[in-house]
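Biologist: Please walk me through this model. I want each label justified by its cut-off.

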Amino acid sequence: MCGIVGYIGPKPAGSILIEGLKRLEYRGYDSSGVCIYDNGELFIDKCPGRISVLEEKLAGDPRIETGTIGIAHTRWATHGEPNQANAHPHTDDSGRIAIVHNGIIENYSALKQFLTSKGHVFSSETDSEVLAKLISEFYNNGSSTLEDAVLAALGEVSGTYGLAVMCADEPDKIVVARKGSPLIIGVGKDEYLIASDASAIIEHTANVIYLNDNELAILTRDGLRTLTLDNVPVTKKIQQVEWTLEQIALDGYDHFMLKEIFEQPDSIRMSLSGRLDMRDMRIQLGGLDQVVRDLVRTRKIVLLGCGTAWHAGLIGEYLFEDLARIPTEVEYASEFRYRNPIVEEGTSVIALSQSGETADTLAALRESQDRGALTLGIVNAVGSTIARETDAGVYLHAGPEIGVASTKAFTCQLVVETLIALMLGRRRHMSQQTLERYIEELQKIPEKIETVLKQSEQIRDMTAKYIDYENWLFLGRGYNYPIALEGALKLKEISYIHAEGLPAAEMKHGPIALIHDGMPVVFIAPKCGTYEKILGNIQEVKARSGQVIAIATEGDTEVHKHSDHVIYVPDTLEALQPLLTVIPLQLLAYHAAVLRGCNVDKPRNLAKSVTVE
Ligand code: G6P
């Protein structure tokens with residue numbers, strides 16, 4: 001996730017900004033840049049790659065030593081590749097106004113069109129650059145101060161931002177604003193710092209002001225003023241940071257995996273952001289604009305992935321066949337690439353990958369390209385190899401995933417697949433009414449996930465009761481069959497407990513022989529088309545003295561009668577159930593690993609990104 005740092009005070013800003021950026025490295029980034037005011041001008045330098053590259057570029061430049069006010073940024077790409085032009089800070093045409101921005105500007109294309117018509121020239125592919133131009137548009141046409149221009153510009157913007165702005169004509173001022181992207185202000189002796197989180201600040205001061213959403217602050221050498229975005233003054237309390245640096249990186253969580261599990265409501269909001277057009281009730285996926293006509297006519301979809309991404313592909317098969325009515329197959333990338341696959345005319349191949357660098361997925365993708373398929377990527381890492389080599393694609397916008405076991409990337413993969421399936425479905429056969437039901441329900445998913453997350457402690461207590469069992473089964477049907485596979489994979493990869501996932505009906509063709517002596521069997525059993533059948537399967541397990549843990553729909557009393565434990569998830573449309581039913585299984589695996597003393601974020605023998613065969 002992008003990071004912001006800023007400084008105004010008596011000391012040279014350069015080294016404070018660079019050190020601050022380094023403190024934010026853990027958030028993930030692919031380019032960085034600084035803006036320092038010196039001698040009547042804004043000096044900007046930025047580049048792709050590590051912060052050390054930026055540091056080397058800046059070394060020896062006197063402006064780093066003399067400037068005492070500046071803003072800096074680490075970018076984790078969302079719109080446009082990680083390159084120099086897309087790195088922040090961005091400026092207006094004159095180079096007198098500079099901004100750094102975290103978040104997503106949803107209406108950036110409309111704003112870009114408007115600003116281009118006014119003569120502004122854009123030099124990046126980012127959504128953020130519109131902010132610099134829009135602020136200058138107001139600054140040069142009526143706003144008397146930088147803060148007035150920022151307020152006016154933000155009034156035109158929809159989306160999320162943590163924002164810091166400087167202007168060479170008001171050289172002793174930084175204006176910051178926040179909506180949906182964190183921003184805090186450090187209050188030192190005769191100095192202020194700003195940052196996306198406290199880690200970039202605490203070596204200078206423990207006194208901080210937390211800016212709330214829809215608030216703006218004006219930092220000058222004489223003091224600080226805070227306003228709402230409606231221009232009403234607000235008084236803010238100075239608070240003390242008591243966390244260590246490591247705790248800050250983890251935002252109070254014990255592990256990145258747990259943090260990322262809990263981030264899912266927000267990562268899904270980001271994934272949906274700008275893609276659900278609530279006015280016209282349609283789905284817009286800019287990344288597919290160029291290929292949408294071919295996609296609508298596609299005869300077959302092949303989904304490729306490895307590990308958790310392959311499980312997302314399995315759910316994609318249900319989504320594309322059910323919602324878009326397009327014949328779909330899912331392939332392990334490692335099998336597809338060596339199988340001499342038949343790729344008929346009209347086939348679209350979609351590669352699913354968090355990292356965009358998985359060797360087998362990339363090789364399978366290239367193989368399908370050679371055989372004439374249209375290729376798409378559903379990728380989290382912007383500018384990664386898969387993202388670059390596909391004909392088109394949709395980014396997850398899940399934010400960096402640090403825990404080796406994929407969690408938030410998985411649910412965002414499901415969200416993006418659903419969006420594509422709905423967009424194609426509507427163009428092929430789906431009624432507007434049905435689409436609207438999905439759009440409305442998709443919007444409620446983040447809140448519904450929040451209610452599941454609240455059960456984390458109960459899930460831990462329940463997991464503790466079964467922690468000594470070395471063999472588990474996970475069973476589900478339909479949309480929840482791949483969730484059974486994902487639940488089993490999560491448990492084995494981080495807690496080293498042996499677990500198998502199966503379609504529930506397959507149990508009686510062999511695995512039922514394993515069930516005896518209290519073996520834990522997890523049923524993913526929400527209300528759905530095959531609910532009655534799965535109740536039957538639950539009873540088969542109970543009859544053989546297995547212990548049943550069921551994931552069920554809120555208010556379902558029937559499942560409760562036959563299960564040892566029930567974890568409830570809110571009701572939703574069947575196609576969206578995996579987004580809710582996977583959450584308790586992620587938590588179960590996490591708590592099992594912690595209870596067994598395993599290294600959750602770095603499980604044995606596993607790598608986050610598998611770039612070799
Ligand atoms: C590794 C990770 C998994 C991930 C898989 C595919 O095995 O441990 O969590 O699902 O790679 O990675 P990708 O980056 O292609 O999604």
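Modeller: Start with two helices: the crossing of α15 and α16 is left-handed. Left-handed means that the near helix is turned anticlockwise from the far one by less than a right angle; clockwise is right-handed. This is a predicted model, where local features need pLDDT of at least 70, side-chain atom pairs count only at pLDDT 80 or more, and totals for chains, interfaces and linings use all residues. Residues are numbered from 1 along each chain as its sequence is written, and side-chain values use heavy atoms, without hydrogens and water.

Biologist: What makes α15 roughly antiparallel to α16?

Modeller: The axes of α15 (residues 408-428) and α16 (residues 432-453) come within 10 Å and cross at roughly 165°. That angle is over 145, so α15 counts as roughly antiparallel to α16. The full scale is under 35 degrees for roughly parallel, over 145 for roughly antiparallel, 65 to 115 for roughly perpendicular, and oblique for the rest. Axes are lines fitted to C-alpha atoms, for helices over the stretch in contact, with angles from 0 to 180 degrees between N-to-C directions. Helices (H or I, at least four residues) and strands (E, at least two) are DSSP runs, numbered from the N terminus.

Biologist: Which residues make the contact between α15 and α16?

Modeller: From α15 come Thr418, Leu419, Leu422 and Arg426, and from α16 come Gln432, Leu435, Tyr438 and Leu442. Contact means heavy atoms within 4.5 Å. By class, there are five nonpolar, two polar and one charged residues. Ala, Val, Leu, Ile, Met, Phe, Trp, Tyr, Cys and Pro count as nonpolar, Asp, Glu, Lys and Arg as charged, and the others, Gly among them, as polar.

Biologist: Why are α17 and α21 called oblique to each other?

Modeller: The axes of α17 (residues 456-465) and α21 (residues 577-595) come within 9 Å and cross at roughly 55°. That angle falls in none of the named ranges, so α17 and α21 are oblique to each other. Their crossing is right-handed. Ser456, Ile459, Arg460, Met462, Thr463 and Ala464 of α17 meet Pro584, Leu587, Leu588, His591, Ala592 and Leu595 of α21. That contact has eight nonpolar, three polar and one charged residues.

Biologist: Back to α15. Why does Gln413 count as buried?

Modeller: Gln413 lies in helix α15. Buried means under 20% relative accessible area, exposed over 50%, and partly exposed in between (1.4 Å probe, protein chains only). Gln413 has 1%, so Gln413 is buried. Leaving out residues up to four places away in sequence, Gln413 touches Thr308, Ala309, Ala312, Leu352, Ser353, Gln354, Ile378 and Leu396.

Biologist: What makes Ser384 buried?

Modeller: Ser384 has a relative accessible area of 5%, so it is buried. Ser384 sits in the loop between β20 (374-379) and α14 (385-389). With residues up to four places away not counted, Ser384 touches Ser355, Gly356, Glu357 and Val379.

Biologist: How do you know that Cys47 is in no disulfide?

Modeller: A disulfide is a pair of cysteine sulfur atoms within 2.5 Å. The structure holds zero disulfides. For Cys47, the nearest cysteine sulfur is that of Cys35, 15 Å away. Cys47 is also buried, at 4% relative accessible area.

Biologist: Why is the sulfur of Cys167 too far for a bond?

Modeller: The closest cysteine sulfur, in Cys35, is 10 Å from the sulfur of Cys167. Cys167 is buried too, at 2% relative accessibility.

Biologist: Why is helix α6 described as largely enclosed?

Modeller: Seven of its nine residues (146-154) are buried, so the rest of the structure largely encloses α6. They are Leu146, Glu147, Ala149, Val150, Leu151, Ala153 and Leu154. These residues pack against α5 (129-139), β7 (161-167), β8 (173-179), β12 (215-220) and β13 (223-228).

Biologist: What makes α5 mostly covered?

Modeller: In α5, 10 of 11 residues are buried. The buried residues of α5 pack against β5 (90-91), β6 (97-102), α4 (108-117), α6 and β7.

Biologist: Why does Tyr496 count as partly exposed?

Modeller: Its relative accessibility is 23%, between the 20% and 50% limits, so Tyr496 is partly exposed. Tyr496 is in the loop between α18 (481-495) and β23 (498-503). Tyr496 also has a positive phi of about 60°, although it is not a glycine.
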